[in-house]
Amino acid sequence: MVSADAITRPADASLDREGETLRDALTELVRVLQFRNRDCLCDREISATQCHALEAVLERGPLTLNALSAALYIEKSTASRVVAGLVKKGYVAKTSHPRDGRAVLLHATETGRRFCAEIQQDLLADCKRLLSDFDPEIRAAMTALISRMARAAAARVDTSGGACCTVDSV
């Protein structure tokens, strides 16, 4: 959906250039982080998606499968497969939902909690090494800016149907 402002407002060439530069920078950052996370997780025999799911259950749990799929921006069927792997590994347990007999609640097990804490410690150490190359005021500004961008991007995604659809499209 194109907003009325976008129709009446002339194109901003600097915004176009900045948008392209930001897109390229974010793409490269995500690519590097994905490979770093994959390498960290491969030795532990857990996928990045499983790791994100375990973190979500720990941070927001107990969760239904629908809530987990929305939190991860993935289809419910994909979330179901991810959870099956986590249950098999003993990191997540399912219990009956107290108000909905068709639903289950996902809980992190004690093994899952310890396992996730180990991974988070390794990733935290890596982030600290990355940040150590910057002055304290730059670190604070960078962290605040990236957090703000993440919130803004998340606010533009509709997860109510179990699948992700961008709310605003230009």
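**Exercise 1. The loop between helix 4 and helix 5**

Task: In this predicted model, find what is unusual about the backbone of Tyr73 in the loop between helix 4 and helix 5, and classify its exposure.

Solution.
- Step 1. Place the residue. Tyr73 sits in the loop that links helix 4 to helix 5.
- Step 2. Read the backbone. Phi is positive at Tyr73, about 60°, and the residue is not a glycine.
- Step 3. Check accessibility. The relative value for Tyr73 is 41%. Partly exposed covers the range between 20% and 50%. Tyr73 therefore counts as partly exposed.

**Exercise 2. A cis peptide bond**

Task: Which residues does the cis peptide bond join, and where is Pro62 found?

Solution.
- Step 1. Look at omega. The bond between Gly61 and Pro62 has an omega of about -5° and is cis.
- Step 2. Locate the proline. Pro62 belongs to the loop between helix 3 and helix 4.

**Exercise 3. The fold along the chain**

Task: Work out how many helices and strands the protein chain has, and give their order.

Solution.
- Step 1. Count the elements. The chain holds seven helices and four strands.
- Step 2. Read them in sequence order. The pattern is α-α-α-α-α-β-β-α-α-β-β.
- Step 3. Add burial. Of the 170 residues, 23% count as buried.
- Step 4. Add contact range. Take contacts between residues at least 6 apart in sequence; 52% of them join residues at least 24 apart.

**Exercise 4. The largest nonpolar core**

Task: Identify the residues that touch the most other members of the largest nonpolar core, and trace the elements behind this core.

Solution.
- Step 1. Find the hubs. The core has 23 residues, and Ile46, Leu54, Leu68, Leu86 and Leu106 touch the most other members.
- Step 2. Assign elements. Two or more residues each come from helix 3 (48-60), helix 4 (65-72), helix 5 (76-89), strand 2 (104-108) and helix 6 (110-131).
- Step 3. Rank them. Helix 3 gives the largest share, five residues.
- Step 4. Zoom in on one hub. Beyond its neighbours within four places in sequence, Leu68 contacts Ala53, Ala56, Val57, Leu63, Val83 and Leu106.

**Exercise 5. An aromatic pair**

Task: Is the pair of Tyr91 and Phe115 stacked or edge-to-face, and which parts of the chain does the pair tie together?

Solution.
- Step 1. Count. There is one aromatic pair.
- Step 2. Apply the geometry. The ring centres of Tyr91 and Phe115 are 4.3 Å apart, with 10° between the planes. Planes under 30 degrees apart count as stacked, and this pair is stacked.
- Step 3. Map the partners. Tyr91 is in the loop between helix 5 and strand 1 (92-96) and Phe115 is in helix 6, so the pair ties together parts 24 residues apart in sequence.
- Step 4. Check burial. Tyr91 and Phe115 are both buried.

**Exercise 6. The largest pocket**

Task: Describe the volume of the largest pocket, its lining and the classes of residue in that lining.

Solution.
- Step 1. Take the volume. The largest pocket holds about 1,500 Å³ of space.
- Step 2. List the wall. Its lining has 32 residues; Val30, Leu33, His52, Ile146 and Ala150 lie nearest the centre.
- Step 3. Trace the sources. Helix 2 (13-42), helix 3, helix 4, helix 6 and helix 7 (136-155) each supply at least two lining residues.
- Step 4. Sort by class. The lining comprises 21 nonpolar, seven polar and four charged residues.

**Exercise 7. Two residues and their exposure**

Task: Classify Glu45 and Ala48 as buried, partly exposed or exposed.

Solution.
- Step 1. Glu45 lies in the loop between helix 2 and helix 3. Its relative accessibility is 64%, so Glu45 is exposed.
- Step 2. Ala48 belongs to helix 3. Its relative accessible area is 31%, so Ala48 is partly exposed.

Definitions and conventions: Residues are numbered from 1 along each chain as its sequence is written. This is a predicted model: local features need pLDDT of at least 70, side-chain atom pairs count only at pLDDT 80 or more; totals for chains, interfaces and linings use all residues. Side-chain values use heavy atoms; hydrogens and water are left out. A nonpolar core is a set of buried Ala, Val, Leu, Ile, Met, Phe, Trp, Tyr and Cys residues joined through side-chain atoms within 4.5 Å. Buried means under 20% relative accessible area, exposed over 50%, partly exposed in between (1.4 Å probe, protein chains only). Contact means heavy atoms within 4.5 Å. On a 1 Å grid over the protein atoms alone, a cavity is a set of points where a 1.4 Å probe fits but cannot get out, and a pocket is an open set with protein on both sides within 12 Å along at least five of seven lines; lining residues have an atom within 4 Å of a point. Grid points are joined across faces, edges and corners, and a volume is the space filled by probe spheres set on the points. Ala, Val, Leu, Ile, Met, Phe, Trp, Tyr, Cys and Pro count as nonpolar, Asp, Glu, Lys and Arg as charged, and the others, Gly among them, as polar. Rings of Phe, Tyr and Trp (its six-membered ring) pair if their centres lie within 6.5 Å; planes under 30 degrees apart count as stacked, over 60 as edge-to-face and the rest as tilted.
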